[in-house]
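Reader: Hey, got a minute to walk me through this fold? I'd like to go piece by piece.

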Amino acid sequence: MVAILLMTHAPLGSAFIAAATHVFRGRPERLEAIDVQADQNTDEVNQLARAAVERLNDGSGVLVMTDIMGGTPSNCCRALGEPDQVAIIAGISLPMLLRAITYRSDVLDVVVEMALAGGQNGALRIDNRVRLGPN
């Protein structure tokens, strides 16, 4: 099973885990967050990220999800491991995370594609999709 590591500005990663735990009515296994604090030492963040990937990876790979490209959390993700074992995507959203969790029994590349599709398809204008009744 592909593990998932959330690398985000604090406290976003923990909040996403809490939301996913609510939706799935239990905390999904092998899902962790590193909430990067303002002014946190990047060497420390890099060390925490490498340790988390090592701890989470059972050989199936780790999907690292970060909030914004170019921020400290995403910059600290760049050298986390071999591309066939660690995939990194930016722009986390709840639909993206839920989709990744749902499909993570598949291989890493499929989990990445499903997460990206969840993020893209999860952003929409509600009044264009939901038809309200006459009352």
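Reader: What covers the buried residues of H4?
Author: This is a predicted model, to say that up front. In it, the cover over the buried residues of H4 includes S1, H1, S2, S3, S4 and helix H5 (108-121).

Reader: And which residues of H4 are the buried ones?
Author: Helix H4 spans residues 94-103, and its buried residues are Met96, Leu97, Leu98, Ala100 and Ile101.

Reader: OK, switching to the sheet. What's the strand order?
Author: The order is S2-S1-S3-S4, in an open sheet of four strands with parallel pairing.

Reader: Which strands stand at the edges?
Author: S2 and strand S4 (86-90) do. Each has a single partner strand, so one side of each has no neighbour in the sheet.

Reader: How much are neighbouring strands turned against each other?
Author: By 20° on average, ignoring direction.

Reader: How many bridges join S1 to S2?
Author: Six, between S1 (residues 3-9) and S2 (residues 31-36), and the two run parallel. Within that pairing, Leu5 sits opposite Glu32 in S2.

Reader: How does the chain cross from S1 to S2, right-handed or left-handed?
Author: Right-handed: the β-α-β crossover goes through helix H1 (residues 12-24).

Reader: Now the other end, S3 and S4. What's the bridge partner of Val64?
Author: Ile88 in S4. Five bridges join S3 (residues 62-66) to S4, again in a parallel run.

Reader: Last one, back to H1: which strands does H1 touch?
Author: H1 packs on the sheet and touches S1 and S2. The direction of H1 makes about 150° with that of S2.

Methods:
Residues are numbered from 1 along each chain as its sequence is written. This is a predicted model: local features need pLDDT of at least 70, side-chain atom pairs count only at pLDDT 80 or more; totals for chains, interfaces and linings use all residues. Side-chain values use heavy atoms; hydrogens and water are left out. Two strands pair if DSSP finds at least two bridges between them. A crossover is right-handed if, with the strands pointing away from the viewer, the path from the first strand over the helix to the second runs clockwise. Axes are lines fitted to C-alpha atoms, for helices over the stretch in contact, and angles run from 0 to 180 degrees between N-to-C directions. Contact means heavy atoms within 4.5 Å. Buried means under 20% relative accessible area, exposed over 50%, partly exposed in between (1.4 Å probe, protein chains only).
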